[in-house]
Amino acid sequence: MNSVSPTSVQYLNQDELGHSDGRQLFNSRASRQGASYQGLFPGGGAAHSQQSEPDEVDKIKSKLLSTWNNVKYGWTVKTKTNFSKLSPVYLFGHRYNFGQEEDVEGFQKDFASRIWLTYRRDFQQLEGTMWTTDCGWGCMLRSGQMLLAQGLLVHFLSRDWIWPNALFTTRVAETELPVKLLSLPCPNTANLHHDPPIPTDGSRSPWELQAAQHTCSPDELENERYHRKIVSWFADQPQAPFGIHRLVDLGRSSGKKAGDWYGPSVAAHIIRKAVDCCSEAGNLVVYVSQDCTVYKGDVANLANRSEGRSAWDAGVEWKAVIILVPMRLGGETFNPAYVECVKELLKLDFCIGIIGGKPKHSLYFVGFQDDSLLYLDPHYCQPFVDTTKENFSLESFHCNSPRKTAFTKVDPSCTIGFYARHRREFEHLCQELTQVLNTATAKERYPMFSIVEGCSQEYGLEELCARFSQQTVQVQRPSKRGRTKKATMEEFVVL
C-alpha cells in the first residue's frame with residue numbers, strides 16, 4: 001500500500017495540474033487584461049498590460065475545441081442509481097432511511113434543493129481569450145462554486161431550507177428509470193407589487209433580484225428572494241461576484257488561465273479571494289488551512305468583528321466562517337484507510353461537502369451510503385441563462401438525479417469544507433472535528449488534518465514536521481472468501 005501523509009503532498013504537482021483530457025485545450029497568446037469590477041467589487045482586479053488579440057490559429061482551435069466539448073458534454077446517458085434500503089444515506093449531515101417512503105421523498109427534496117452548477121456555453125467571452133464556454137476545463141471551478149453555494153444557502157437560509165418547487169414522485173421504489181428533471185416554472189411576476197429588496201451593504205444592482213410572486217407566507221417569499229439572489233451570484237457574466245468570469249480572473253494570480261486545470265487547493269484559494277471581494281456576501285469570511293492544519297487563533301482573528309478586542313473576549317461578535325481544508329489522501333490513488341474518517345466528517349451538520357472527484361474529473365461530494373460517495377456532477381453543458389432577468393428559470397440550477405461512485409475510484413486530492421455561523425458553533429465544530437480525527441488517528445496513525453490552538457506563526461517548521469511525521473498504514477484487502485454475497489434488487493431503491 002502506497003501510504004502518504006495528507007500534509008506532505010497537500011498541493012498538486014505540475015503533472016496533476018494538467019488538463020483533464022491530458023492536454024491543454026487552448027493556450028491563447030493574448031495577454032489577460034484585468035477587469036475592474038465596479039459596484040459590487042470596489043477596487044477590483046488590477047489592470048494588466050494589453051497585447052495583441054488572439055491570432056487566427058487560436059481562434060480556430062478555440063472554436064473547434066469548444067464545439068467538440070459542447071457535443072461531448074451536451075448530452076447525458078441516463079443510468080440507474082441504486083440505493084440500498086438497508087443502509088442509511090447521509091446528505092450534508094442528515095440521515096435518510098430508504099426503507100421508509102417519507103425518507104425517500106425527504107431525501108429527494110433535500111438533494112434537489114442544493115444549487116447545481118455545471119458547464120455552460122454561449123456566455124460572454126472570457127477576457128483576453130476566445131472562450132465562450134468552460135466545457136472540458138472548468139469542472140473544478142464549478143465544483144468549487146457548488147461548495148460555496150451550499151455555504152451561502154446555509155448562511156442565508158439555514159441547512160433545513162427546502163426549495164418549495166423541488167417536487168418529486170414519491171413512489172420511487174417502483175420506478176425503473178432515474179428521476180427525470182422536472183420542469184420547475186417560476187410564477188409570472190408581471191403587474192404585481194414587489195417586496196423590498198434584500199438588505200445589502202452596497203447600492204442596488206441588477207443582482208439584487210426579487211422573488212417570484214406566488215401564494216405563500218412572507219417567510220417563504222423572503223427565502224425565495226435569497227435563493228434567487230444566491231443563484232444570480234454565480235451567473236456566467238463578468239459582473240457576477242462568483243461567476244466563471246470572476247473566478248478565472250482571480251485564478252490568474254495563481255498562474256492559472258482559462259483552459260487550464262484547476263486543482264482543489266487552488267480552487268479553495270480562489271473561493272477565498274472571491275468572498276473577500278464581495279461586499280454583499282454578508283458577514284461571511286473564508287479561511288483556508290495551511291499544511292492540513294486549522295489554527296484556531298487564525299480563524300478567530302479572521303472572524304473577529306470587534307476592532308481592538310481579542311476574538312476570545314466575552315461578548316465579542318464573530319462573522320460566520322467557511323473553513324476549507326485542502327489535502328491529499330494517498331499517493332497515486334486514494335488510501336482506503338481514510339474512508340471511515342471521511343464518512344464521519346460527512347455526517348457532521350457543519351460539513352458543506354468535498355470538492356475532488358475522480359482522476360482528472362472533478363465532482364462535488366455531498367454525502368455517502370455504505371462505501372459509495374454521493375455527488376453532484378458539473379460535467380453537463382447547458383446553455384447560458386441571463387439571471388439579470390427578473391423571472392429567469394431556475395430549472396437548470398437544480399438536479400434531482402443523484403449519482404454515486406465508490407471511494408476506491410476517487411482521486412486523493414480534495415478540499416473539504418465546513419461552516420460555522422458564530423463563535424459557539426466554531427468551538428462546537430472544533431470539538432467534533434477533534435473527536436473524529438482523534439478516533440481516526442488511532443486506526444490510521446496520522447489524521448487527515450489537525451485542529452490546534454494559537455496562530456500559524458507560533459509554530460516552527462521543526463514542530464510541524466514532528467507532528468506530521470509520515471508513517472505507513474497497512475490496510476488488509478478482504479479475501480475472496482470474505483466477500484459478501486451480491487444483494488438482490490429487492491434490497492435496493494432506484495432513484
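Two residues are taken to be in contact when heavy atoms lie within 4.5 Å of each other. On that basis, and leaving aside neighbours within four places in sequence, D110 is in contact with L91, H94, Y96, R159 and I162. The structure examined here is a predicted model. D110 belongs to helix α2, which covers residues 101-113. The relative accessible area of D110 is 1%, under the 20% that marks a buried residue. One of the contacts of D110 is polar: the side chain of D110 meets the side chain of R159 at 2.9 Å.

In the protein as a whole, the secondary structure comes to 10 helices and 15 strands. Of the 495 residues, 54% are buried. Among contacts between residues at least 6 apart in sequence, 75% join residues at least 24 apart.

Helix α5, made up of residues 244-251, is mostly covered, with 8 of its 8 residues buried. These buried residues are I244, H245, R246, L247, V248, D249, L250 and G251. The list thus includes the residues R246 and D249 as well as L247 and V248. The packing partners of the buried residues of α5 are two other helices, α3 (139-157) and α6 (264-277).

Aromatic rings were considered next. A pair of aromatic rings is described by the distance of the centres and the angle of the planes. A search of the whole structure finds 19 aromatic pairs. In one of them, the rings of W116 and Y380 have centres 6.0 Å apart and planes at 5°, so this pair is stacked. W116 is placed in the loop between α2 and β4 (120-121), while Y380 is placed in the loop between β10 (372-376) and β11 (382-383); the pair therefore ties together parts that are 264 residues apart in sequence. The two partners are covered to unlike degrees: W116 is buried, with a relative accessible area of 8%, whereas Y380 is partly exposed, with a relative accessible area of 26%. The rings of W131 and W137 have their centres 5.8 Å apart and their planes at 55°, so that pair is tilted. Both W131 and W137 are buried.

Ring pairs also link F83, Y96, F98, F107 and F111 into a cluster. Y96, a member of this cluster, is among the residues in contact with D110. Another member, F83, has a charged group over its ring: the charged end of K404 sits there, 4.8 Å from the ring centre. A further arrangement of this kind involves R120, whose charged end sits over the ring of F397 at 4.6 Å from the centre.

Empty space inside the model was examined last. Rolling a probe the size of a water molecule over the atoms shows where empty space is left. The search of the whole structure finds 4 cavities of 30 Å³ or more. The largest cavity has a volume of about 110 Å³. Its lining is formed by 14 residues, of which F334, I354, L373, V410 and C414 are the closest to the centre. The elements that give two or more residues to this lining are β8 (351-358) and β13 (413-420). The largest contribution to the lining of the largest cavity comes from β8, with 3 residues.

Conventions: Residues are numbered from 1 along each chain as its sequence is written. This is a predicted model: local features need pLDDT of at least 70, side-chain atom pairs count only at pLDDT 80 or more; totals for chains, interfaces and linings use all residues. Side-chain values use heavy atoms; hydrogens and water are left out. Buried means under 20% relative accessible area, exposed over 50%, partly exposed in between (1.4 Å probe, protein chains only). Helices (H or I, at least four residues) and strands (E, at least two) are DSSP runs, numbered from the N terminus. A polar contact is a pair of N or O atoms within 3.5 Å; within protein, one must be able to donate a hydrogen and the other to accept it, and residues adjacent in sequence count only if both atoms are side-chain atoms. Rings of Phe, Tyr and Trp (its six-membered ring) pair if their centres lie within 6.5 Å; planes under 30 degrees apart count as stacked, over 60 as edge-to-face and the rest as tilted. A charge sits over a ring if NZ of Lys or CZ of Arg is within 6 Å of the ring centre and within 35 degrees of the ring normal. On a 1 Å grid over the protein atoms alone, a cavity is a set of points where a 1.4 Å probe fits but cannot get out, and a pocket is an open set with protein on both sides within 12 Å along at least five of seven lines; lining residues have an atom within 4 Å of a point. Grid points are joined across faces, edges and corners, and a volume is the space filled by probe spheres set on the points.
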